Amino acid sequence: HHHYRETVYCGRTQLGFARICRIISDMLEEYPGQDYHLLRRNCCHFADDLLLRLGLQGIPAWVHRLSRLGANIDSAIRAAQAVKDAVTVGCIGGSE
């Protein structure tokens, strides 16, 4: 069961129906399901992009906060692992 925090009014676009259809059609190509990533390319990213293309402000910062935090932590872990791997290779390679 999904619980929504609140409804956020995002404004009203001035674009016409045909332009909105074109934007959605373009986004269908740019957001294929296999590119979904829980932290870096999720429904919030799609909604933010859609709003911007409609000429509106993006989604509120608090909506992205948790995924941004998770993505930053994931990046830090990956960087630390890369350093560890480089040091390990250096130590193993230096003993010859």
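## Salt bridges along the helices

A salt bridge is a side-chain nitrogen of Lys or Arg within 4 Å of a carboxyl oxygen of Asp or Glu. In this predicted model, the side chains of R78 and D74 form such a pair, with a distance of 2.9 Å from N to O. R78 and D74 are four residues apart in helix α3, which spans residues 61-94, so about one helical turn separates them. R78 is exposed, with a relative accessibility of 55%, whereas D74 is buried at 18%. The value for D74 falls under the 20% that marks a buried residue.

The structure holds four salt bridges. Another of them joins the side chains of D26 and R22, again with 2.9 Å from N to O. D26 and R22 lie in helix α1, residues 17-30, and being four residues apart there, they are separated by about one helical turn. D26 is partly exposed, with a relative accessible area of 22%. R22 is also partly exposed, with a relative accessibility of 47%.

## A salt-bridge network

Helix α2 covers residues 43-53 and contains both D49 and R53, four residues apart, which is about one turn of the helix. The side chains of D49 and R53 meet in a salt bridge, with 2.9 Å from N to O. D49 counts as buried, with a relative accessibility of 18%. R53 is partly exposed, with a relative accessible area of 27%.

Which residues are linked with D49 in a network of salt bridges? The network consists of E30, D49 and R53. Side chains of opposite charge can pair when their charged atoms come close.

## Helix α2 and its ends

Where do the buried residues of α2 lie around its axis? The buried residues are C44, D48, D49 and L51. They cover an arc of only 160° around the axis, and therefore lie on the same side of α2. D49, with its relative accessibility of 18%, thus belongs to this group as well as to the salt-bridge network.

N42 is found in the loop between α1 and α2. At the start of α2, a side-chain oxygen of N42 comes to within 2.8 Å of the backbone nitrogen of C44. N42 is buried, with a relative accessible area of 7%. C44, the partner of N42 in this contact, is one of the buried residues of α2. Just after α2, G55 has a positive phi of about 85°.

## Cysteines without disulfides

How many disulfides does a search of the whole structure find? The search finds zero disulfides. C10 is in no disulfide, and the nearest cysteine sulfur, that of C44, is 11 Å away. C43 is likewise in no disulfide; for C43 the nearest cysteine sulfur is also that of C44, at 4.4 Å. A disulfide needs two cysteine sulfur atoms within 2.5 Å, so neither of these distances qualifies.

Is C43 buried or exposed? C43 is exposed, with a relative accessible area of 55%. C10 is partly exposed, with a relative accessible area of 31%.

C10 has its place in the segment before α1. Although C10 and L51 are 41 residues apart in sequence, their C-alpha atoms are 7.7 Å apart in space. L51 is one of the buried residues of α2.

## The largest pocket

The largest pocket contains about 480 Å³ of space. Its lining is made up of 17 residues. Which residues lie nearest the centre of the largest pocket? They are Y4, E6, C44, W62 and V63.

The elements that give two or more residues to the lining of the largest pocket are α2 and α3. The largest share, five residues, comes from α2. C44 ties several parts of this report together: C44 is among the residues nearest the centre of the largest pocket, and the side chain of N42 reaches the backbone nitrogen of C44 at 2.8 Å. C44 also carries the cysteine sulfur nearest to that of C43, at 4.4 Å.

Notes:
Residues numbered from 1 in each chain as written. Predicted model: local features only at pLDDT ≥ 70, side-chain atom pairs only at ≥ 80, totals over all residues. Heavy atoms only, no water. Buried < 20%, exposed > 50% of the residue type's maximum accessible area, 1.4 Å probe, protein only. Arc of directions from axis to C-beta. Polar contact = N/O pair within 3.5 Å; in protein donor to acceptor, adjacent residues only side chain to side chain. 1 Å grid on protein atoms, 1.4 Å probe; cavity = no way out; pocket = protein on both sides within 12 Å on 5 of 7 lines; lining within 4 Å. Points joined across faces, edges and corners; volume = space filled by probe spheres on them.
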